[in-house]
Amino acid sequence: MTTMTTRCPHCKALNRIPTERLEDTATCGSCKEKLLDGKPVEGTTENFLSLIQGDTPVVVDFWAPWCNPCVGFAPVFEDVAAERTGQVRFVKIDTEAQQALAAQYRIRSIPTVMVFQKGQVIDNLNGALPKSHFDQWLNEALTKTN
C-alpha cells in the first residue's frame, strides 16, 4: 500500500493517507477535521502527484510568502475553497519551499493558478484576481474537466 503524507490545514499535523483512499473523506489523526476539503492543502514534492491524480479537479495556487499579490490573493483562494467543498480540491504550493515543483511546472510568475484533473493540467492563470473574476475563470476552467 502506498501512502501520501499531507499537512492538516487546520492544526498543521502531518497525516499519512493511503493513495487509494484519497477520494474518501479523510480526517486528521490529531484534530479530527477533514483533511482534503474546505481548506487548501499544503502541496509538497512528496504529496503533489498523489493529490492531482484523482477524478476530482484540483486547483493549485503557486505562491511565495514575499509576494504581495500572492498574500492579497490568499483570502480569495481560501474563500472559494470553502465554497466549493466536496466539488474541487484546493492546494497551495510555496514556490520558495518547493522549488522543484515550481521548476517542473515552469512557474515564471506568481501567483500562478493551475487546474488539474487525472494528473493533467486543464487550465492555468497568471496573476491575482478579485473573487468574482476568479470564480468566473474557475467556472470556465472546470467546464474543460468533463
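Are Asp 61 and Lys 92 buried or exposed? Both are buried. The points below take up that pair and its surroundings in this predicted model.

1. **The Asp 61 and Lys 92 pair.** The two side chains meet in a salt bridge, 2.7 Å from N to O. Asp 61 sits in strand β4, and Lys 92 sits in strand β5, residues 89-94. The pair therefore ties together parts that are 31 residues apart in sequence. Buried means under 20% relative accessible area, and both residues meet that description.

2. **The count of salt bridges.** The whole structure holds five salt bridges. Side chains of opposite charge can pair when their charged atoms come close. Three of the pairs are described in this note, beginning with Asp 61 and Lys 92.

3. **Asp 123 and Lys 144.** Here the closest N and O atoms are 2.8 Å apart. Asp 123 belongs to strand β7, while Lys 144 lies in the segment after α4, so the salt bridge links parts 21 residues apart in sequence. Asp 123 has a relative accessible area of 16%, so it counts as buried.

4. **Asp 55 and Lys 118.** This salt bridge has its closest N and O atoms 3.7 Å apart. Asp 55 is in the loop between α1 (48-52) and β4 (58-63). Lys 118 is in the loop between β6 (112-117) and β7 (120-126). The pair thus ties together parts 63 residues apart in sequence. Asp 55 and Lys 118 are both exposed.

5. **Helices α2 and α4.** Helix α2 covers residues 68-83 and helix α4 covers residues 131-143. Their axes come within 10 Å and cross at roughly 50°. The two helices are therefore oblique to each other. The crossing is right-handed.

6. **What the two helices bring to the contact.** From α2 come Phe 73, Val 76, Phe 77, Asp 79, Val 80 and Glu 83. From α4 come Lys 131, Phe 134, Asp 135 and Leu 138. By class, the contact has six nonpolar residues, four charged and no polar ones.

7. **Lys 34.** This residue lies in the loop between β2 (14-18) and β3 (41-42). Its relative accessibility is 42%, so Lys 34 counts as partly exposed. Beyond its neighbours within four places in sequence, Lys 34 is in contact with Pro 9, His 10, Thr 25, Ala 26 and Thr 27. Lys 34 and His 10 are 24 residues apart along the chain, and their C-alpha atoms are separated by 8.5 Å.

Technical notes
Residues numbered from 1 in each chain as written. Predicted model: local features only at pLDDT ≥ 70, side-chain atom pairs only at ≥ 80, totals over all residues. Heavy atoms only, no water. Axes fitted to C-alpha atoms, helices over the stretch in contact; angles between N-to-C directions. Helix = DSSP H or I, 4+ residues; strand = E, 2+ residues; numbered from the N terminus. Parallel < 35°, antiparallel > 145°, perpendicular 65-115°, else oblique. Left-handed = near helix turned anticlockwise from the far one by under 90°. Contact = heavy atoms within 4.5 Å. Nonpolar A, V, L, I, M, F, W, Y, C, P; charged D, E, K, R; others polar. Salt bridge = Lys/Arg side-chain N within 4 Å of Asp/Glu carboxyl O. Buried < 20%, exposed > 50% of the residue type's maximum accessible area, 1.4 Å probe, protein only.
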